[in-house]
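User: I have a structure to go through before I return to the bench. Please take my questions one at a time and keep the answers short.

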Amino acid sequence: MSNYDILPKSIITVPRQNTKKNIRGKNHKWEGQSTRSSFSPFNIPIGDFAVKYYLKDCTQLYDPWAGWGERHKIAKDNNIPYFGYDISPTAIEFACKNFDVSNNLGNSITDPIPDFDGLITCPPYFNLERYDGEKKDGQISKCRKWEEFLKLYRHTWLRAIGKAKSGTTFVVQVGNWRKKHKFYDLEYETQKIFMDCNMKIFDKIILSHDGNVNVPMQLPQCKRLGYVVKIHQTLLVFKKP
C-alpha cells in the first residue's frame with residue numbers, strides 16, 4: 001500500500017476526555033492491565049466535526065459497533081437518522097441512560113444491515129477490551145488469535161461495504177497498539193480492506209490527544225505492560241464509488 005493517497009492530510013489536537021469514572025469502574029493503573037480494558041469514550045467534538053463535514057448530506061447513518069452511545073447522540077443532535085448494533089446490554093443501557101438514545105442489541109457480523117448512505121464507527125481493538133453479552137465462539141473480541149480477529153473484522157466490513165449505497169461515506173476512528181512486544185496495525189488492516197474493495201480515500205487525519213504521555217512516564221509503563229501506550233488515533237474517510 002505504498003500510495004501517497006493514504007498519507008495523513010492533517011493533524012487535529014483532541015482534548016483528552018475523563019475516563020477515570022466510567023461504567024467499568026476504576027482504571028487498572030496498578031494491576032498490570034491497559035486502561036483500554038476499561039471504558040474509553042468516543043470523542044464527541046471529533047464525531048460532531050465528522051458528521052457536520054463528511055456526513056452532512058447522508059440520510060441514514062449506520063454504525064456496526066455502536067458502543068456507549070456517543071455517536072448516536074451526535075447523529076441525533078444533527079437530526080440524522082442513526083442505526084447502530086452493539087452486543088453489550090450494558091453499553092445499550094448506558095447509552096439510553098446517559099445520552100437518551102436507543103441502540104440495537106445485535107451482532108453486525110450476522111444481523112441484517114439497513115440501507116444506509118453514511119457510516120461512522122470506532123471498531124473493537126481485538127482483545128484489549130472485553131464486552132458482556134458475548135459468547136465465546138464467533139464474537140470479534142473473544143478471538144484468541146489476531147488472524148481470527150482479522151477474519152471476522154474483514155467479514156463485517158465486507159457486509160457493510162456491500163450493503164452501502166453508491167457514494168456512501170465511511171468515517172472510521174481507528175488506532176494501532178503494541179502488546180507483549182507485538183505491534184497490532186489495525187489502521188493498516190482497515191485501509192487494506194477498503195482498498196481491496198476499490199473504496200476511494202477521501203481524507204486521513206491524525207487525532208493527537210492533548211496531554212500525551214511523555215517519555216519519563218512512558219518508560220515505567222513499557223516495562224510493566226510490555227508495550228507503549230497508544231497516544232493517538234486516526235480518522236479514516238473513504239467513499240464508495
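## Questions on the fold

User: Which residues sit on the face of helix 3 turned away from its buried side?

Analyst: This is a predicted model. The buried residues of helix 3 (residues 89-99) are Ala91, Ile92, Phe94, Ala95 and Phe99. Seen down the helix axis, they fall within an arc of 160°, so they line one face. The face turned away from them carries the exposed residues Glu93 and Lys97.

User: What do the buried residues of helix 3 pack against?

Analyst: Their partners include two helices and two strands. The helices are helix 1 (44-53) and helix 2 (70-77), and the strands are strand 3 (82-86) and strand 4 (104-105).

User: Which strands stand at the edges of the sheet?

Analyst: The sheet is open, has 8 strands and shows mixed pairing. Its order is 1-9-10-6-5-2-3-4. Each edge strand has a single partner, so one side of it is left without a neighbour in the sheet. The edge strands are strand 1 (10-14) and strand 4.

User: In strand 10, what is the bridge partner of Ile201?

Analyst: Strand 9 (residues 200-209) and strand 10 (residues 232-239) pair in the antiparallel sense over 8 bridges. In strand 10, the bridge partner of Ile201 is Phe238.

User: What angle does the direction of helix 5 make with that of strand 10?

Analyst: Helix 5 (residues 186-196) packs on the sheet. It touches strand 6 (169-174), strand 9 and strand 10. Its direction makes an angle with that of strand 10 of about 5°.

User: How many residues does helix 4 give to the largest nonpolar core?

Analyst: The largest nonpolar core has 53 residues. Those with the most contacts inside it are Leu61, Phe149, Trp157 and Phe170. Helix 4 (residues 146-163) gives the most to this core, and its share is 8 residues.

User: Which residues is Trp157 in contact with, leaving aside its neighbours within four places in sequence?

Analyst: Trp157 is among the residues with the most contacts inside the largest core. Beyond its sequence neighbours, Trp157 is in contact with Trp65, Leu119, Thr121, Phe170, Val172, Thr190, Ile193 and Phe194.

User: How many disulfides are there?

Analyst: A disulfide needs a pair of cysteine sulfur atoms within 2.5 Å. Cys143 is buried, at 9% relative accessibility. Cys96 is partly exposed, with a relative accessible area of 42%. By the distance rule, the count of disulfides is 0.

Terms used:
Residues are numbered from 1 along each chain as its sequence is written. This is a predicted model: local features need pLDDT of at least 70, side-chain atom pairs count only at pLDDT 80 or more; totals for chains, interfaces and linings use all residues. Side-chain values use heavy atoms; hydrogens and water are left out. Buried means under 20% relative accessible area, exposed over 50%, partly exposed in between (1.4 Å probe, protein chains only). Helices (H or I, at least four residues) and strands (E, at least two) are DSSP runs, numbered from the N terminus. The arc is that of the directions from the helix axis to the C-beta atoms. Contact means heavy atoms within 4.5 Å. Two strands pair if DSSP finds at least two bridges between them. Axes are lines fitted to C-alpha atoms, for helices over the stretch in contact, and angles run from 0 to 180 degrees between N-to-C directions. A nonpolar core is a set of buried Ala, Val, Leu, Ile, Met, Phe, Trp, Tyr and Cys residues joined through side-chain atoms within 4.5 Å.
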